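Me: I am new to this structure, and I would like a close look at a single part of it. Could you take me through that part slowly, with the terms explained as you go?

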Amino acid sequence: MMNNKFCYENHDWEKIENSALMTLKESSLHSFPISISPLLSENNVALRKYSSIARQRNMSVKELCDNLTTSDGLLLSKVNSKCNDIIAYNDTIASKPRIRFILSHELGHKKLGHNNLASEPLTSLPENEYVFLEQEANFFAKNILAPLPCLYYIEQQTHRDLTANDIEFIFDVSKTASNNILNNYQKLSFPIKDEFLIYKFQKSLNWWISILNMIHKFNTAI
C-alpha cells in the first residue's frame with residue numbers, strides 16, 4: 001500500500017545537506033577531491049569488494065549483482081564487530097568517479113539512518129519507499145563530494161560562473177554527477193554559506209581556484 005510520506009515533496013533537503021556538511025566538518029579531511037576511504041573509516045564503515053565476495057561464494061560478479069539486486073553497492077549491518085556497518089560495492093565498475101559516488105551514497109544511507117527504518121535490505125522495500133531513500137542518499141552524496149558552500153566560494157573568488165567541467169575537474173565526479181550538482185546549485189534562490197567549512201578546506205580551494213584562473217587566462221590568450 002502506498003505511503004504518502006514517501007512522496008518527493010516530503011524530503012527535508014536542508015537536513016540532508018546539513019548532515020553532509022557536518023560529516024565533512026567533523027572529519028580529518030582538508031582537501032578536495034574528498035578522500036573517501038578515510039571518511040568511511042572515521043564513520044565506522046568497512047569496505048568489501050564485490051569481486052572478493054563473489055570469489056568467496058564461487059560465483060561471478062554478475063551473479064552476485066543479481067543476488068544482491070544491485071550492480072552498484074549496498075550498506076550492510078555487521079554484528080559483533082568494531083565496524084558497525086559494511087559497504088559492499090562493485091569494484092569492477094570502470095569509472096572511479098562513479099565508485100566514489102556509490103560509496104558516498106551508501107555513507108548517506110548510514111548517516112541519514114535509513115537502515116534503521118527497515119528490518120530488511122533497502123532494495124527489498126516497496127518501490128516508493130526505496131526510491132525516496134535513494135533520492136535522499138543521492139543528495140547527501142552530491143553534498144559530500146561537491147559541497148554547495150564551496151561552489152559559491154569558488155565563484156566568488158574567480159568572479160566567473162562555475163561550469164559542469166569545473167566541478168568534474170575539482171571534485172572528481174562524473175559528467176552526469178557534475179551536471180546534476182550544477183543544476184541543483186543554479187536553482188538556489190540564495191547562496192549557501194558555511195564559514196567553518198570554507199576555513200577548513202580553504203587552502204585546497206584556493207589552490208584549485210589558482211588552477212582555474214591559470215586555465216582561464218590561457219584559454220582567453222589563445
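Reply: What follows describes the largest pocket and then turns briefly to a contact between helices.

The model is predicted, so local features need pLDDT of at least 70 and side-chain atom pairs count only at pLDDT 80 or more, while totals for chains, interfaces and linings use all residues. Residues are numbered from 1 along each chain as its sequence is written, and side-chain values use heavy atoms, with hydrogens and water left out.

The largest pocket (an open set of points on a 1 Å grid over the protein atoms alone, where a 1.4 Å probe fits, with protein on both sides within 12 Å along at least five of seven lines) has a volume of about 480 Å³, a volume being the space filled by probe spheres set on the points, which are joined across faces, edges and corners. Its lining, meaning residues with an atom within 4 Å of a point, is made up of 19 residues, and W13, F139, L148, N184 and L188 lie nearest the centre.

Helix 1 (13-25), helix 6 (127-145) and helix 9 (175-186) each give at least two residues to this lining, where helices are DSSP runs of H or I, at least four residues long, numbered from the N terminus. Helix 6 provides the largest share, five residues. Sorted by class, the lining of the largest pocket holds nine nonpolar, six polar and four charged residues, with Ala, Val, Leu, Ile, Met, Phe, Trp, Tyr, Cys and Pro taken as nonpolar, Asp, Glu, Lys and Arg as charged, and the others, Gly among them, as polar.

Turning to the helix contact, D166, F169 and I170 of helix 8 meet W208, I211, L212 and I215 of helix 10, contact meaning heavy atoms within 4.5 Å. The residues of that contact comprise six nonpolar, no polar and one charged.
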